[in-house]
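The following exercises introduce one protein structure to a reader who has not met it before. Each task is followed by a solution that proceeds step by step.

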Amino acid sequence: MKKPVASDVVEKAAREALEERGVKIKDIAEIVYEMQAKYAPNLMMDDCIESADAVLCKREIQHAVLVGIELDKLAEKNQLSEPLQTLVDTDEGLFGVDETIALGSVFGFGSIAVTTFGYLDKEKHGVIKELDEKENEVHTFLDDLVASIASNASARLAHRTRDRDESRTNDKIKKREDEELIG
């Protein structure tokens, strides 16, 4: 039996894959800020960065990022078989597998993440829009994965804001997050 890949290796690979494709944590955090600022008047960009960074610690997210980016890269090199090559290369509107992978990684963060993902998938804010509009690169999966990470980070912040409003200690907030989240 093959030995499993160490978690830190997978996390590092996912983070590097995002960077290689031009996506920085700060780019995702800017979307998170835009989604949450109206609900949390004291929200700081550092909170958004920390939340996006924490989401990237989740295996479910890392796996989705690695699979999606790999498919995008293979499509750029014309290395997928037809008709998959054309479906991914053209981001075919009825394809939907890109959204399915991204949506699957949203469920662990609850209904706020799910509804935020649907909104970001349609409205394409910040780096999501930039990725979606790039002509010479394929980002069929990546734009949706970034929306997923931003949605999860937004939901995480929303729950943390409520917990802080209820005067929960940081230890209790962390314990609750660890118990509630999958992946």
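**Exercise 1. Describe how H6 and H7 pack, and decide how their directions are related.**

Solution. The model under study is a predicted one.

Step 1. Two packed helices are described by the angle between their axes and by the distance between those axes.

Step 2. For H6 and H7 the packing angle is about 150°, and the axes lie 11 Å apart.

Step 3. An angle over 145 degrees counts as roughly antiparallel. H6 and H7 are therefore roughly antiparallel to each other.

Step 4. The handedness completes the geometry: H6 and H7 make a right-handed crossing.

Step 5. The residues that meet are Glu99, Ala102 and Leu103 on the side of H6, and Val114, Phe117 and Asp121 on the side of H7. Sorted by class, the contact of H6 with H7 holds four nonpolar residues, two charged residues and no polar ones.

**Exercise 2. Locate Val97 and determine whether it is buried, partly exposed or exposed.**

Solution. Step 1. Val97 belongs to helix H6, which spans residues 97-104.

Step 2. The relative accessible area of Val97 is 37%. Partly exposed residues fall between the 20% and 50% limits, so Val97 is partly exposed.

Step 3. Gly68 stands 29 residues from Val97 along the chain, and the C-alpha atoms of Val97 and Gly68 are separated by 9.7 Å.

**Exercise 3. Carry out the same kind of description for H2 and H3.**

Solution. Step 1. The axes of H2 and H3 come within 8 Å and cross at roughly 115°.

Step 2. The crossing of H2 and H3 is right-handed.

Step 3. From H2, the contact is made by Ile25, Ile28, Ala29, Glu30, Val32 and Tyr33; from H3, by Met45, Cys48, Ile49, Ala52 and Asp53.

Step 4. In terms of class, the contact of H2 with H3 comprises nine nonpolar and two charged residues, with no polar residue.

**Exercise 4. Identify the largest nonpolar core and the helices that supply it.**

Solution. Step 1. The largest nonpolar core has 44 residues. Within this core, the residues with the most contacts are Leu18, Val23, Ile28, Ile31, Val146 and Ile149.

Step 2. At least two core residues come from each of these helices: H1 (7-20), H2 (25-36), H3 (45-55), H4 (59-76), H7 (111-123), H8 (126-133) and H9 (142-165).

Step 3. H9 gives the most to this core, namely nine residues.

Step 4. Ile31 illustrates the contacts: beyond residues up to four places away in sequence, Ile31 touches Leu120, His125, Gly126, Val127, Ile128, Val146 and Ala150.

**Exercise 5. Examine the backbone at Asn78, Pro83 and Asp91.**

Solution. Step 1. Most residues other than glycine have a negative phi, and most peptide bonds are trans.

Step 2. Asn78 is not a glycine, yet has a positive phi of about 55°. Asn78 sits in the loop between H4 and H5. With a relative accessible area of 56%, Asn78 is exposed.

Step 3. Pro83 is found in the loop between H4 and helix H5 (84-89). The peptide bond from Glu82 to Pro83 is cis, with omega near 5°.

Step 4. Asp91 also has a positive phi, near 50°, and is a residue other than glycine. Asp91 lies in the loop between H5 and H6. Its relative accessibility of 26% makes Asp91 partly exposed.

**Exercise 6. Which residues are in contact with Lys73, leaving aside its neighbours within four places in sequence?**

Solution. Step 1. Lys73 is part of helix H4, and a relative accessible area of 25% makes Lys73 partly exposed.

Step 2. Beyond those neighbours, Lys73 is in contact with Glu20 and Arg21.

Step 3. Arg21 is 52 residues from Lys73 along the chain, and the C-alpha atoms of Lys73 and Arg21 are separated by 9.3 Å.

**Exercise 7. Summarise the protein chain as a whole.**

Solution. Step 1. The protein chain contains ten helices and zero strands.

Step 2. Of the 183 residues in the protein chain, 40% are buried.

Step 3. Among contacts with a separation of 6 or more in the protein chain, 72% involve residues 24 or more positions apart.

Note on methods. Residues numbered from 1 in each chain as written. Predicted model: local features only at pLDDT ≥ 70, side-chain atom pairs only at ≥ 80, totals over all residues. Heavy atoms only, no water. Core = buried A, V, L, I, M, F, W, Y, C linked by side-chain atoms within 4.5 Å. Buried < 20%, exposed > 50% of the residue type's maximum accessible area, 1.4 Å probe, protein only. Helix = DSSP H or I, 4+ residues; strand = E, 2+ residues; numbered from the N terminus. Contact = heavy atoms within 4.5 Å. Axes fitted to C-alpha atoms, helices over the stretch in contact; angles between N-to-C directions. Parallel < 35°, antiparallel > 145°, perpendicular 65-115°, else oblique. Left-handed = near helix turned anticlockwise from the far one by under 90°. Nonpolar A, V, L, I, M, F, W, Y, C, P; charged D, E, K, R; others polar.
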